[in-house]
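Work through the three exercises below with the structure open. Try each task before reading its solution.

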Amino acid sequence: MIRPIVAYGDPVLKKEAEEVEKQHPGLLELIEDMWETMYAADGVGLAAPQVGLSLRLFVADGSPFGEGEDGDPGCRDFKRVMINPVLFDLSEEETVMEEGCLSIPGIREPVTRSVRIGVEYFDENWNLIEEQLDGLAARIVLHENDHLDGVMIPDHIAATKRQLLQGKLRDIGMGKVKVDYRMRFLKSKKRG
Ligand code: ZN
């Protein structure tokens, strides 16, 4: 089932999300819904707060990025469900790349992130997995993991630049934005 994606401005996106419990009712169904919702919106990642649930869980599929460039290993085979992820060993080496977010349609901003990370998480079968990621896969995980801490793209950019975005962000919050997937806006009636 496709769930509406929560738009910027909703407090659920600013909250620190709760750990997922193994017995969480309907967890597998939720994960299925998140895949469906993400693919329907042409996204490469979707975190539970973006469907209105304050839980530490996200899905990611980097295959649209293909092989990557300039020696980037790419992330064509990078498809993961990460439950209760914990990041470690973030590299000091960083890269800048423009990012978008399904909750902030129409906005793309350069975000500086570590090139390499470690991450420990549970998959949907509650296997504990630890892996090292780099390039685009690392960037997707860093972006999605941010959502679990209430952090979004505007929090990564300089205050002066964020000020320039204020009007656009307010419009998004009020649903004054064109999107071709279902969204849930805080301050106006449902659309889509
Ligand atoms: Zn996002």
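**Exercises on a predicted model**

E18 sits in the loop that runs between β1 (5–6) and α1 (27–40). The model is predicted.

**Exercise 1.** Decide whether E18 is buried or exposed, and find which residues form the negative surface patch.

*Solution.*
- Step 1. Take the cut-off: exposed means over 50% relative accessible area.
- Step 2. E18 has 54% relative accessibility, so E18 counts as exposed.
- Step 3. The negative surface patch is made up of E16, E18, E19 and E21.

**Exercise 2.** Place N84 and W126 in the fold, and work out whether each is buried or exposed.

*Solution.*
- Step 1. N84 belongs to strand β4 (residues 79–88). Its phi is positive, about 45°, although N84 is not a glycine.
- Step 2. W126 lies in the loop between β7 (116–122) and β8 (128–134). W126 is not a glycine either, yet has a positive phi of about 60°.
- Step 3. Buried means under 20% relative accessible area. N84 is at 8%, so N84 counts as buried. W126 has 17%, so W126 is buried.

**Exercise 3.** Identify the protein donors of the zinc ion and explain which parts of the chain C101 and H143 tie together.

*Solution.*
- Step 1. The donors are C101 (SG), H143 (NE2) and H147 (NE2), 2.0 to 2.3 Å from the zinc ion.
- Step 2. Their spacing in sequence reads C-x41-H-x3-H.
- Step 3. C101 is in the loop between β5 (94–99) and β6 (109–114), while H143 is in helix α2 (residues 135–148), so this pair ties together parts 42 residues apart in sequence.
- Step 4. Both C101 and H143 are buried.

How values were computed
Residues numbered from 1 in each chain as written. Predicted model: local features only at pLDDT ≥ 70, side-chain atom pairs only at ≥ 80, totals over all residues. Heavy atoms only, no water. Patch = residues over 30% accessible without salt bridge, like charges linked within 9 Å, V, L, I, M, F, W, Y side chains within 5 Å. Areas by Shrake-Rupley, 256 points an atom, 1.4 Å probe, with all protein chains shown as cover. Salt bridge = Lys/Arg side-chain N within 4 Å of Asp/Glu carboxyl O. Lys, Arg positive; Asp, Glu negative; His and termini not counted. Charge placed at Lys NZ, Arg CZ, Asp CG, Glu CD. Helix = DSSP H or I, 4+ residues; strand = E, 2+ residues; numbered from the N terminus. Buried < 20%, exposed > 50% of the residue type's maximum accessible area, 1.4 Å probe, protein only. Donors = N, O, S within 2.8 Å, 3.2 Å for Na, K, Ca; no water.
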